[in-house]
Every structure is written in structure tokens, then in C-alpha cells.
Amino acid sequence: MSCAKYEFSDALLCHDDELEGRRIAFILYLVPPWDGSLGGTLDLYSVDEYCQPKQIVKSLTPSWNTLVFFEVSPVSFHQVSEVLSEEKSRLSISGWFHGPSLARPPAYFEPPVPRSPHVPQDHEVLCEWINPTYLDVGHQIQIQEEFEEQSEILLKDFLQPEKFAEVCEALEKGGVKWSSRGPPNKRFYERAEESTLPDVLRDCMRLFRSEALFLLLSNFTGLRLHFLAPSEEGGMEDTAEGEAASASDSTDEGTSGSSFEPQDSQAASSSSSRRSSERTDPEPEEQEAEKGPSIPTCQGELRRWKTGHYTLIHDNGKTEFALDLILYCGCEGWEPEYGGFTSYIAKGEDEELLTVNPENNSLALVYRDRETLKFVKHINHRSLEQKKTFPNRTGFWDFSFVYYE
């Protein structure tokens with residue numbers, strides 16, 4: 001057993017307590033006078049047919065010298081809700097009685113998220129949407145050099161100002177249908193239903209799936225996200241010469257990659273929101289042996305982040321080489337203490353390799369290998385301070401894509 005103290009904005013997100021030998025979990029509360037308005041409740045979840053948590057069905061409010069206990073099982077999902085009091089601490093002693101474990105049902109694996117090759121669209125879409133600085137071949141070479149050294153980059157002011165303003169206006173106007181993404185032991189945020197998107201947001205999603213952007217990401221990162229991407233022996237100048245042809249020619253070969261937010265040298269030197277990590281890229285021979293010839297693909301979504309949202313690292317998540325791309329919108333005044341940042345860690349390690357903080361109109365690109373995991377930090381109630389400056393804001397949005405070679 002151990003003692004735990006939860007203070008303002010602390011929470012323990014959805015989990016089942018199942019580790020070898022745990023049979024009964026218990027909590028002895030040592031709290032001052034407490035009620036539900038202070039948060040810190042012990043929330044119990046129902047489960048679906050796959051023994052995955054669905055929704056909170058009971059909440060227990062802490063009370064002095066009260067003992068709570070429950071059986072640890074494949075369906076004992078629970079959480080400690082965020083403490084909302086700035087004056088009172090939620091103090092408790094908790095632990096487990098051990099014994100023979102219960103039989104577990106077969107592990108549930110979520111259906112894979114569909115991936116798609118690029119959408120044929122020529123380079124004119126880049127001129128329409130993207131800051132011309134990032135379309136300059138010389139600047140792309142600088143970005144690639146930095147990216148290959150760091151495995152990550154932040155590209156500030158990525159979209160043209162008028163286009164970014166149109167995107168933000170459409171997001172703030174409403175009219176988009178959002179659906180909650182779960183289960184809560186893995187994630188909790190909202191995803192846009194693409195069929196409900198206004199034209200400008202649909203066009204922005206199409207930009208990130210376009211053939212032209214796949215090739216641009218190849219130039220930014222050195223990854224083979226397009227058949228015209230330069231080989232190790234070639235150079236980016238060759239790619240630039242062939243870009244117009246690739247944009248106009250129809251091809252059955254798709255491309256994939258994660259969108260990165262490259263940042264120029266000034267932005268890189270002034271940014272304190274990311275920590276670079278040393279990663280070992282796979283040898284080409286190793287990739288061919290493992291995967292064979294493949295068509296680059298991507299998957300992506302438009303997400304809305306509000307107080308209480310998060311993603312978690314979970315045991316049966318598939319890890320593979322991938323390029324993550326995130327473009328942030330509506331996060332003026334957002335502070336790291338609110339949460340909502342994307343954190344990268346190495347398997348089996350607690351120390352963060354890299355933190356990507358939300359930053360308006362910034363494109364983050366991060367390459368991860370099979371030993372790198374990521375999560376979005378729980379957004380706590382401190383985030384409501386954003387309303388003091390932006391009364392109509394309830395969080396922020398991002399376009400999140402993952403690209404695969």
C-alpha cells in the first residue's frame with residue numbers, strides 16, 4: 001500500500017488495476033470535509049461486449065475515514081476525477097490484497113484505422129495554401145538537414161495567413177458534427193465527421209492527403225513518401241525538377257508520410273517547447289526485408305480538444321515507423337500547464353524524449369520508430385483560464401495525420 005495526495009488539477013485516468021496477483025483494491029480516505037463539487041471522485045465504468053470501458057455509471061465522493069474496496073478484474077475500470085479545489089488536498093492510503101488472478105478474456109484488438117494513398121492533386125494546391133517560404137527549394141534543403149539530424153521540426157506560420165484565418169473562422173463558426181473518440185482507457189477527445197465539414201475545412205483535409213504534399217513532405221524529411229522522392233544517391237534538386245510532372249501525371253502509386261511542422265533556423269533556436277531525441281533510423285535493407293515494396297499511405301482526422309480530453313499509451317497498441325504531422329488551430333494564449341501537448345517517450349522509459357506544445361498555425365513533424373510511443377496530456381481545468389482572453393474558446397483544434405513509407 002501507499003499514500004497518495006491529489007491537489008488542484010491532479011487526476012488518475014481510466015484503468016483497471018489489473019497486474020499479476022492483485023485481487024482486491026482498497027482506498028482509505030483521509031480527506032477534509034469534501035463534496036462532489038471539489039472533484040476527486042472515484043468513478044466506476046460500465047463495459048461493452050469486448051470488456052472495454054464505456055461510460056461512468058457510479059461516482060463515489062471521498063469522505064473522512066471511509067474505506068472503499070472492489071474486486072480487481074478484467075472489467076474493474078475506474079478513474080479518479082480531476083481535483084477542482086485549490087485549497088483542499090485529497091489524501092488517501094490505497095493498495096491491494098493479492099491472490100490467484102482471475103481468468104482473463106482474450107485480449108481485444110481494435111480494428112485498424114484505414115489508410116489511404118495520396119489523392120491526385122497537383123502542386124498548385126501548395127501555392128494556394130502554404131507559406132511560399134516553405135516552397136523554396138533552398139529552404140527545403142535546410143529543413144531536411146535539420147530534420148534528419150533531430151527527427152523532428154516545427155514549421156511556424158505554415159499556412160498562408162488568409163487561408164489559416166478562413167480555417168479558424170470555419171472552426172469557430174460551428175456547424176461541424178463532432179463525435180467522441182474512446183474507449184476511455186485509451187483516449188477521449190472529439191473527431192470531426194468529415195461529411196459535415198464546410199468547404200474550406202474539407203479542402204484543408206484534402207491538402208494533407210494530396211500527392212503534392214506527400215512529395216513536399218519527402219523534401220522536408222528525406223523519407224520516401226513519393227516515387228519521385230530523391231534516392232540516397234540523388235538530390236532534392238532532381239526532385240524539384242520532377243515535381244511538376246508528378247503533380248500532373250496520374251499514377252496508381254500512392255504515398256504516405258506523417259506531416260511534420262518544420263521550423264526555420266530562427267524558430268528552432270528560439271523554441272523551448274520540444275526536446276530532441278536520438279533515434280536510430282532503420283537500414284534500407286532492414287525495411288525491405290520486413291515490409292517489402294509498399295505504397296506510401298496516410299491516415300488523418302480533424303480533432304477538437306477541450307477540458308478533460310486526453311490520449312493514453314496502452315499495452316496492445318501497434319508501434320511502427322511513421323511520420324506524425326500536427327497543424328494547430330485556435331490555441332492563442334494556450335499554456336503548457338493546461339495540458340494538451342503531445343509527449344513522446346521511449347518504450348519502457350518514463351523520461352520524455354520530446355514535447356510538442358500547441359502553437360497557432362505551426363506544423364509539427366515528428367518521425368518515430370517502433371520503440372517510440374506518444375500520448376496527448378490530459379487537459380485540466382486550468383485551461384478554462386483561456387476564456388478570460390478568448391470568451392468563445394473552449395479549447396483548440398488540430399489536423400492530425402500519420403504517414404507511412
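Let's start with one pair of residues: Cys3 sits opposite Ile93, a residue of strand S8. That pair is a handy way into this predicted model, because strands of a sheet pair through backbone hydrogen bonds, either parallel or antiparallel. Here the strands in question are S1, covering residues 2-6, and S8, covering residues 90-98; they run antiparallel and are joined by 5 bridges.

Stay with S8 for a moment. Strand S3, residues 22-29, also runs antiparallel to S8, and this time 7 bridges hold the two together. You can pick out a couple of those partners by eye: Ile24 has Phe97 of S8 as its bridge partner, while Leu28 is matched with Ile93 of S8. So where does Ile93 find its partners? Because strands of a sheet pair through backbone hydrogen bonds, go and look along the backbone. You'll find Cys3 opposite Ile93, and Leu28 as a bridge partner of Ile93 too.

Now zoom out to the sheet these strands belong to. It's an open sheet of 4 strands, in the order S1-S8-S3-S6, and the pairing is antiparallel. Why is one side of S1 and of S6 left without a neighbour in the sheet? Both S1 and S6 (66-71) stand at the edges with a single partner strand each, so there's nothing from the sheet on their other side. The sheet isn't flat, either: on average, neighbouring strands are turned by 25° against each other, ignoring direction. As you follow a strand along, keep in mind that in a regular strand the side chains alternate between the two faces of the sheet.

Just after S1 there's a little backbone oddity. Ser9 lies in the loop between S1 and strand S2 (12-15), and Ser9 has a positive phi of about 80° even though it isn't a glycine. Another positive phi turns up at Cys51, with a value of about 60°. Cys51 is in the turn of a hairpin formed by S4 and S5, with 5 residues between the two strands. S4 spans residues 42-47 and S5 spans residues 53-60, and they pair in the antiparallel sense over 5 bridges. Within that pairing, Asp43 stands opposite Ser59 of S5.

Next, the helices. Two packed helices are described by the angle between their axes and the distance between the axes. For helix H2 (residues 137-150) and helix H5 (residues 211-221), the axes come within 6 Å and cross at roughly 60°. On the H2 side the contact involves Gln140, Ile143, Gln144, Phe147 and Glu148, and H5 brings Leu216, Ser218, Asn219, Phe220 and Thr221. Sorted by class, that makes 4 nonpolar, 5 polar and 1 charged residues.

Along the chain between those helices there's a cis peptide bond, joining Gly182 and Pro183, with omega about 0°. Pro183 belongs to the loop between strand S10 (178-181) and strand S11 (187-192).

How far can you trust the picture? The protein chain has a mean pLDDT of 86, with 83% of its residues at 70 or more. Be careful with residues 237-289, though: pLDDT is below 50 there, and in the model this stretch has 170 contacts beyond near neighbours in sequence.

Further along comes another open sheet, this one of 3 strands in the order S16-S15-S18, again with antiparallel pairing. S16 (352-356) and S18 (372-376) are the edge strands, each with a single partner strand, so each has one side without a neighbour in the sheet. Neighbouring strands here are turned by 20° against each other on average, direction ignored. S15, residues 342-346, pairs with S16 over 4 bridges in the antiparallel sense, and Ile345 stands opposite Glu352 of S16.

Finally, some empty space. Searching the whole structure turns up 1 cavity of 30 Å³ or more, and the largest cavity has a volume of about 30 Å³. Which residues sit closest to its centre? Of the 10 that line it, they are Ala322, Tyr367, Tyr403, Tyr404 and Glu405. Strands S14 (322-329) and S19 (395-404) each supply at least two residues of that lining. By class, the lining has 8 nonpolar, 1 polar and 1 charged residues.

How values were computed:
Residues are numbered from 1 along each chain as its sequence is written. Side-chain values use heavy atoms; hydrogens and water are left out. pLDDT is the predictor's confidence in each residue, from 0 to 100. Contact means heavy atoms within 4.5 Å. On a 1 Å grid over the protein atoms alone, a cavity is a set of points where a 1.4 Å probe fits but cannot get out, and a pocket is an open set with protein on both sides within 12 Å along at least five of seven lines; lining residues have an atom within 4 Å of a point. Grid points are joined across faces, edges and corners, and a volume is the space filled by probe spheres set on the points. Ala, Val, Leu, Ile, Met, Phe, Trp, Tyr, Cys and Pro count as nonpolar, Asp, Glu, Lys and Arg as charged, and the others, Gly among them, as polar. Two strands pair if DSSP finds at least two bridges between them. Axes are lines fitted to C-alpha atoms, for helices over the stretch in contact, and angles run from 0 to 180 degrees between N-to-C directions.
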